[in-house]
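Me: I'm new to reading protein structures and would love a close look at a single part. Could you take me slowly through how two helices pack together, and then show me some of what surrounds them?

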Protein chains: 2
Amino acid sequence: MKKKPIHITIVGAGLVGSLLSIYLRKRGYEISVYDRRFDMRSNMLGGGRSINMALSNRGLRALEEVGLASHLKGNAVPMNGRMIHDTQGNLTFQPYGKQGQFINSISRSDLNMFLINEAEKLGVNFFFEHKCLEVNLEKTELKFQNFADTISHQADLIIGADGAFSSVRGALQVSDRFEYTQTYIEHGYKELRIPSAEDGTFQMEKEALHIWPRESYMLIALPNSDATFTCTLFFPFEGNPSFQKLSSPEKIRTFFESSFPDAAKLMPTIAEDFRDNPTSSLVTIRCFPWFKNRTMLIGDAAHGIVPFFGQGMNSGFEDCRILNDLLNNHEDNWEAILPIFQQLRKPNADAIAQLALDNFVEMRDLVGDPDFLLQKKIEARLHELHPEKWIPLYSMVTFHDTLSYAEALRIGQQQKEIMEKVMRTPSIEKVWASLDFNEIANQLTSQR
Amino acid sequence: MKKKPIHITIVGAGLVGSLLSIYLRKRGYEISVYDRRFDMRSNMLGGGRSINMALSNRGLRALEEVGLASHLKGNAVPMNGRMIHDTQGNLTFQPYGKQGQFINSISRSDLNMFLINEAEKLGVNFFFEHKCLEVNLEKTELKFQNFADTISHQADLIIGADGAFSSVRGALQVSDRFEYTQTYIEHGYKELRIPSAEDGTFQMEKEALHIWPRESYMLIALPNSDATFTCTLFFPFEGNPSFQKLSSPEKIRTFFESSFPDAAKLMPTIAEDFRDNPTSSLVTIRCFPWFKNRTMLIGDAAHGIVPFFGQGMNSGFEDCRILNDLLNNHEDNWEAILPIFQQLRKPNADAIAQLALDNFVEMRDLVGDPDFLLQKKIEARLHELHPEKWIPLYSMVTFHDTLSYAEALRIGQQQKEIMEKVMRTPSIEKVWASLDFNEIANQLTSQR
């Protein structure tokens with residue numbers, strides 16, 4: 001790659017592809033973005049397959065950098081913590097962080113359309129209904145199918161931002177010595193809905209992420225700015241209970257009424273929604289390397305993760321920010337940047353993939369466990385007394401964008417070991433407030 | 001799959017595809033075999049990318065079942081054990097098993113052409129230079145490219161026997177919830193050659209698999225029936241030494257002369273061969289499930305493994321035999337057979353994949369280690385005294401086709417633990433002959 005690329009082709013007009021096109025257009029590149037789907041702005045079919053996004057600090061920081069964070073006002077709903085619903089309908093609120101720390105519930109399609117519009121204003125060219133058929137890694141050439149036509153396209157640089165089932169990665173996969181894993185969890189998900197009240201207000205606490213943890217499965221609900229909630233059932237494909245078993249409207253209703261009684265009351269069309277909405281699977285994608293010659297991967301195409309830490313979009317936006325930093329620091333010398341980018345980001349991608357899998361267990365099971373809640377309380381106190389020394393794992397990942405995912409994972413593992421010892425203190429539930437918090441926090445510091 | 005399939009389409013005319021076509025043709029099916037490559041019978045280009053095959057009991061049993069084992073006479077060279085070459089050119093012979101137990105060195109292309117010829121005699125139809133472009137898993141339809149033509153083909157059942165980079169598996173990979181991993185080791189391989197002597201005889205011991213173990217790399221040589229040896233260098237891609245570093249004829253010759261002095265003398269064209277022959281990589285493929293609707297995978301397409309246990313072809317042939325057994329036992333009810341086949345074979349595929357990776361360490365490093373050799377001697381004695389109770393791992397895998405790979409792996413792990421304890425006996429090198437072999441063998445028995 002002797003000459004500086006002028007024309008960059010991005011495959012995928014999703015959240016990461018669109019944001020990246022803005023970053024790169026601002027640097028002066030000619031950008032074409034191709035996407036296999038129709039233009040969602042002209043042809044909005046709406047939801048059915050996507051949980052709401054939880055935008056947090058890492059993603060927000062990238063939006064701020066390109067000057068677009070103000071879009072959140074009026075379009076995002078802040079969520080200050082988890083609202084846990086037990087089987088009796090009792091509620092427990094667990095704040096996500098300190099006062100003033102929250103994550104943002106935002107519609108995937110709203111944010112995506114906004115980013116595409118902003119990119120177009122800057123002069124990015126979008127080509128929808130162009131399915132990527134082939135990527136020639138030697139010639140940096142693409143073939144697209146647009147209805148009956150096959151279109152060849154020559155690029156200076158190709159960036160695959162085409163998601164977990166990336167076509168661009170498909171070309172890398174058949175190149176020599178490409179490490180690749182796709183692995184599914186045993187749960188799938190189905191999107192459901194809680195409408196607004198008749199007077200147009202929220203039917204549950206608005207500024208929270210609602211969770212109905214049931215050990216082997218869970219329901220969650222995120223607020224929308226139109227006072228509805230988008231709910232997602234994470235549920236085993238097989239076994240009992242499972243998607244396979246809920247095979248009739250009666251079984252569905254009975255199951256929801258016994259497992260999520262308070263939610264069921266707010267979901268009058270549950271049986272129909274359950275039948276009509278697709279059941280989707282949950283994949284983790286790991287691969288390496290992330291580039292070959294002048295073709296690279298970014299976002300889910302490089303590192304598809306499960307949604308349980310709310311970091312899929314945030315990690316992809318962070319990819320864009322880090323790539324832009326590297327372009328700043330290396331005078332747009334892509335040949336130098338590509339190996340550094342993957343070397344920097346791969347350990348963080350692996351870390352957030354693991355953290356996301358771990359957090360499913362926390363969300364569906366532990367958040368309903370008294371010992372776990374006590375541990376959270378102790379950690380919150382540690383953080384209060386030693387705000388720089390002891391930052392809970394959730395906060396490191398969600399609110400501390402200066403800590404990498406890999407560091408968060410490493411420190412989180414140390415914290416876990418320390419807390420396991422602390423929780424073995426006799427009568428911990430009675431004596432916890434008089435623990436030597438200084439000594440506990442210092443165990444961590446000495447290890448860092 | 002209500003009706004019995006009549007027309008079975010096999011993709012891949014390699015060793016497994018050809019043998020499978022024979023098995024199935026004998027059951028009365030109409031069989032078409034498609035392969036992307038030219039017909040090697042009419043257009044023999046020869047080697048360059050394939051180590052010789054080591055046919056052992058599992059593969060042999062399948063050949064016997066279809067009445068084709070007699071082909072080995074005159075075409076295979078028996079190898080009774082390993083001949084270890086140290087850096088001084090000193091030789092140590094390690095028998096593979098008991099007297100009369102050996103593996104068979106056979107040319108991949110010879111055996112493949114023989115199987116294709118036999119299949120054709122039975123009425124199997126082969127279509128070469130047909131590249132599989134697409135598999136429709138819903139309609140059991142294929143698209144092939146034959147030069148400028150695209151050919152659609154409807155099958156009753158599709159079997160992907162198209163190797164580690166299977167196109168048929170490509171279709172399964174993009175179907176929902178398909179688990180898939182491709183992972184490479186850090187070594188590649190290059191095929192080299194030791195010619196026959198001027199009088200047409202072998203230049204080294206004929207009935208052995210020669211190994212030059214050098215810890216981080218190794219050279220091996222297998223005898224051919226024309227008195228030449230096919231050598232394979234297994235060598236790191238990067239680091240020192242590595243393929244990357246051997247960048248000139250001088251460096252190549254110097255390296256061979258210092259690392260493999262006795263072999264180097266027998267390889268007059270080493271620098272040219274090294275330059276002209278390709279460097280290939282070594283992949284392990286793991287996936288699941290092995291079928292969807294009426295399309296299934298077999299052999300390397302389902303479970304590509306590294307070659308270090310000499311079981312790639314043998315495990316594929318065993319797949320064919322087990323599938324044929326199931327067809328016998330279930331009256332050719334494929335709908336019943338497909339789930340049973342994968343359930344039976346997947347644990348064995350995983351086991352041989354692991355055993356093959358482990359055996360690389362043994363071949364390139366341990367076989368040169370005195371402790372390891374002593375351990376082998378003790379195990380040989382154990383086997384001699386308790387032939388049914390204690391069968392060394394190599395023998396279980398290679399000579400005992402009634403033990404599954406998964407059982408061999410499990411028993412081998414127990415043996416390893418027992419032998420680690422035995423090897424910690426003070427002055428084991430002096431006292432080993434007076435160990436209580438009965439007691440040692442019984443430790444294993446009680447665990448089984």
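Reply: Happy to: here is a walk through one helix pair, followed by a few other spots in the chains.

Keep in mind that this is a predicted model. Our pair sits in chain B: helix α1(B) covers residues 15-26, and helix α9(B) covers residues 312-329. Their axes come within 9 Å and cross at roughly 20 degrees. Angles under 35 degrees count as roughly parallel, and α1(B) and α9(B) are therefore roughly parallel to each other. The crossing of α1(B) past α9(B) is right-handed.

Now find the residues that touch. From α1(B) come L15(B), V16(B), L19(B), L20(B), Y23(B) and L24(B). Facing them from α9(B) are M313(B), G316(B), F317(B), C320(B), R321(B), L323(B), N324(B) and L327(B). Look at the numbering as you read those names. An α-helix has 3.6 residues a turn, so residues three or four places apart point the same way. Sorted by class, this contact has 11 nonpolar, 2 polar and 1 charged residues.

Let's move on to another helix of chain B, α2(B), which spans residues 57-65. Here R58(B), G59(B), L60(B), A62(B) and L63(B) are buried. Just after α2(B), G67(B) takes a positive phi of about 75 degrees.

A strand gives us a further buried residue. L157(B) belongs to β12 of chain B, residues 157-160, and it counts as buried because its relative accessibility is 0%. Although L157(B) and K292(B) are 135 residues apart in sequence, their C-alpha atoms are 11 Å apart in space.

The loops of chain B are worth a stop too. Most residues other than glycine have a negative phi, and most peptide bonds are trans. The bond joining N240(B) and P241(B) is cis, with omega about 0 degrees, and P241(B) is in the loop between β16 and α5. Another cis bond runs from F288(B) to P289(B), with omega near 0 degrees; P289(B) is in the loop between β17 and β18.

Finally, step back to see both chains. Chain A can be laid on chain B by a turn of 180 degrees and a shift of 0.0 Å along the axis, with an RMSD of 0.0 Å. That is the relation of a two-fold axis. The same surface serves both copies, as 100% of the contact residues of chain A recur in chain B. If you want to find the axis, look for T181(A): of the residues of chain A, T181(A) comes closest to the rotation axis, at 2.1 Å from its C-alpha.

Conventions:
Residues numbered from 1 in each chain as written. Chains lettered and ligands numbered in written order. Predicted model: local features only at pLDDT ≥ 70, side-chain atom pairs only at ≥ 80, totals over all residues. Heavy atoms only, no water. Axes fitted to C-alpha atoms, helices over the stretch in contact; angles between N-to-C directions. Helix = DSSP H or I, 4+ residues; strand = E, 2+ residues; numbered from the N terminus. Parallel < 35°, antiparallel > 145°, perpendicular 65-115°, else oblique. Left-handed = near helix turned anticlockwise from the far one by under 90°. Contact = heavy atoms within 4.5 Å. Nonpolar A, V, L, I, M, F, W, Y, C, P; charged D, E, K, R; others polar. Least-squares fit on C-alpha atoms with pLDDT ≥ 70 in both. Buried < 20%, exposed > 50% of the residue type's maximum accessible area, 1.4 Å probe, protein only.
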